[in-house]
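Reader: I am new to this structure and would like a close look at one part of it, with enough of the rest to place that part.

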Amino acid sequence: PRLAMPRLGALRDRARLERAVKFSLSITLASLFLHLPGEEFDYAVFAPVEVSFIIFDRVGGSVSQSMMRVFGSSLGAIAGYLMVVACHGSDTALLALLACWGFLCSLGRASRHGYAACVAAWTAAIVSAAHSREVAFERITHSFLGAAVMLCVVHAVLPRWARDGVRAELAKVAAEAAGVHAAGARQWRLGLGGRSVGGEAGGEGADAGPSGARSPGKGESEPLTRLGADTEQVAAAEAVGARLRRLQGALSSVGTLHREACIEPELWRGPYAAAKLGASIDAARKLVDAAVTAAETQAARQQSAVEWILTPHDRTCPRTRR
């Protein structure tokens, strides 16, 4: 019973239930091609296989993935058949061409269309192994059929739009940014308090440390007060930096949703302000990147100040040295 509790808990998640319904319906409809008269299993099986790889949570993600999958399958099938024709039955030449093709496809993996390059690489290997034009044609056909079935389902059955996800995630980012701003303001006030404490503690003959604080002067004992203040500032700066890095990740997710929303159809939905939202997201990412750099620099300065305080120094007045 305890092992079954997490599975039963998933039934209360509406988003997971919707994904399960769309996935099962897409697989079922794509599997119908396996039972049509005249269809061969070796070819028709590609349709449900395509669905399992290209269905995503949002409509935009499914559209983007299906486009890359179909493009990669088509390109790989054509390339594989052309290799077979060019090699005239020579397995050695075919393997050499496949190696070159795989190398070229691997160069494109770092781009936005890297998934299409991967699909093109292994599709060419499948088609070239069959040595048949029919296999290439069936691979392209059932890739299109699987993508078409999936796209119809995600558009008609409980659609979840990427543009709605952009708005929801931007609201979360704004709330997180407000919290980061408040934490940064507290850190700034803490820094002012630490400097005032250091200035009051320093007496005659004090010299400056790496953070601008004063080293102990005449009659001072160990600067425990300033050490505690600097240590607290280090912790505050690291906390702000951690929250800023989380904000970076959230903005990266928003950017992915924005790219998906840009390719969603607008047949029965209003226009999507892609240019304005894209510019706003890019500006926010640049601002957060600069804030992360500033927070890391401040934390390093405060840590250097703490290390300077803990390091023994010769505080003898230069005028009295011999």
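Reader: What pattern does the protein follow when read along the sequence? After that, please look closely at the largest nonpolar core.

Author: This is a predicted model. Read along the sequence, the pattern is α-α-α-α-α-α-α-α-α-α-α, and the count is 11 helices and 0 strands. The protein has 322 residues, and 37% of them count as buried. Of the contacts with a separation of 6 or more, 73% join residues 24 or more positions apart. The exposed surface of the protein comes to about 18600 Å², with carbon and sulfur atoms supplying 63% of it.

Now the core. In soluble globular proteins, nonpolar side chains tend to be buried together. The largest nonpolar core here holds 17 residues, and those that touch the most other members are V166, V173, L244, V254, A261 and V288. Helices α9 (162-201), α10 (224-262) and α11 (274-310) each supply at least two residues of this core. The most comes from α10, which gives 7 residues.

V166 is a useful place to start. This residue is found in helix α9. Its relative accessibility is 0%, so V166 counts as buried. Leaving aside neighbours within four places in sequence, V166 is in contact with V254, L257, H258, A261, Y272 and L277. Two of these partners, V254 and A261, are also listed among the core residues that touch the most other members. V166 can also be placed relative to T256: the two are 90 residues apart in sequence, with their C-alpha atoms 9.0 Å apart in space.

L257, one of the contacts of V166, can be viewed from its own side. This residue is found in helix α10. L257 counts as buried because its relative accessibility is 13%, under the 20% limit for that class. Its contacts, again without neighbours up to four places away in sequence, are R58, A162, G165, V166 and E169. The contact with R58 spans a long stretch of chain: L257 and R58 are 199 residues apart in sequence, yet 8.6 Å apart in space, C-alpha to C-alpha.

Other parts of the protein help to place this one. Helix α6 (residues 91-107) and helix α7 (residues 114-130) pack with their axes 8 Å apart, at an angle of about 170 degrees. The two helices are therefore roughly antiparallel to each other. On the α6 side the contact is made by L94, L98, W101 and C105, and on the α7 side by A117, A120, A121, A124, A125 and S128. Sorted by class, these residues are 9 nonpolar and 1 polar, with no charged residues.

Two loop residues are worth a look as well. Most residues other than glycine have a negative phi. H88, however, has a positive phi of about 55 degrees although it is not a glycine. H88 is found in the loop between α5 (59-87) and α6, and counts as exposed because its relative accessibility is 72%. H131 also has a positive phi, near 55 degrees. H131 sits in the loop between α7 and α8 (133-156) and is partly exposed, with a relative accessible area of 42%.

Terms used
Residues are numbered from 1 along each chain as its sequence is written. This is a predicted model: local features need pLDDT of at least 70, side-chain atom pairs count only at pLDDT 80 or more; totals for chains, interfaces and linings use all residues. Side-chain values use heavy atoms; hydrogens and water are left out. Axes are lines fitted to C-alpha atoms, for helices over the stretch in contact, and angles run from 0 to 180 degrees between N-to-C directions. Helices (H or I, at least four residues) and strands (E, at least two) are DSSP runs, numbered from the N terminus. Angles under 35 degrees count as roughly parallel, over 145 as roughly antiparallel, 65 to 115 as roughly perpendicular and the rest as oblique. Contact means heavy atoms within 4.5 Å. Ala, Val, Leu, Ile, Met, Phe, Trp, Tyr, Cys and Pro count as nonpolar, Asp, Glu, Lys and Arg as charged, and the others, Gly among them, as polar. Buried means under 20% relative accessible area, exposed over 50%, partly exposed in between (1.4 Å probe, protein chains only). Accessible areas come from the Shrake-Rupley method with a 1.4 Å probe; for residues, only the protein chains shown count as cover. A nonpolar core is a set of buried Ala, Val, Leu, Ile, Met, Phe, Trp, Tyr and Cys residues joined through side-chain atoms within 4.5 Å.
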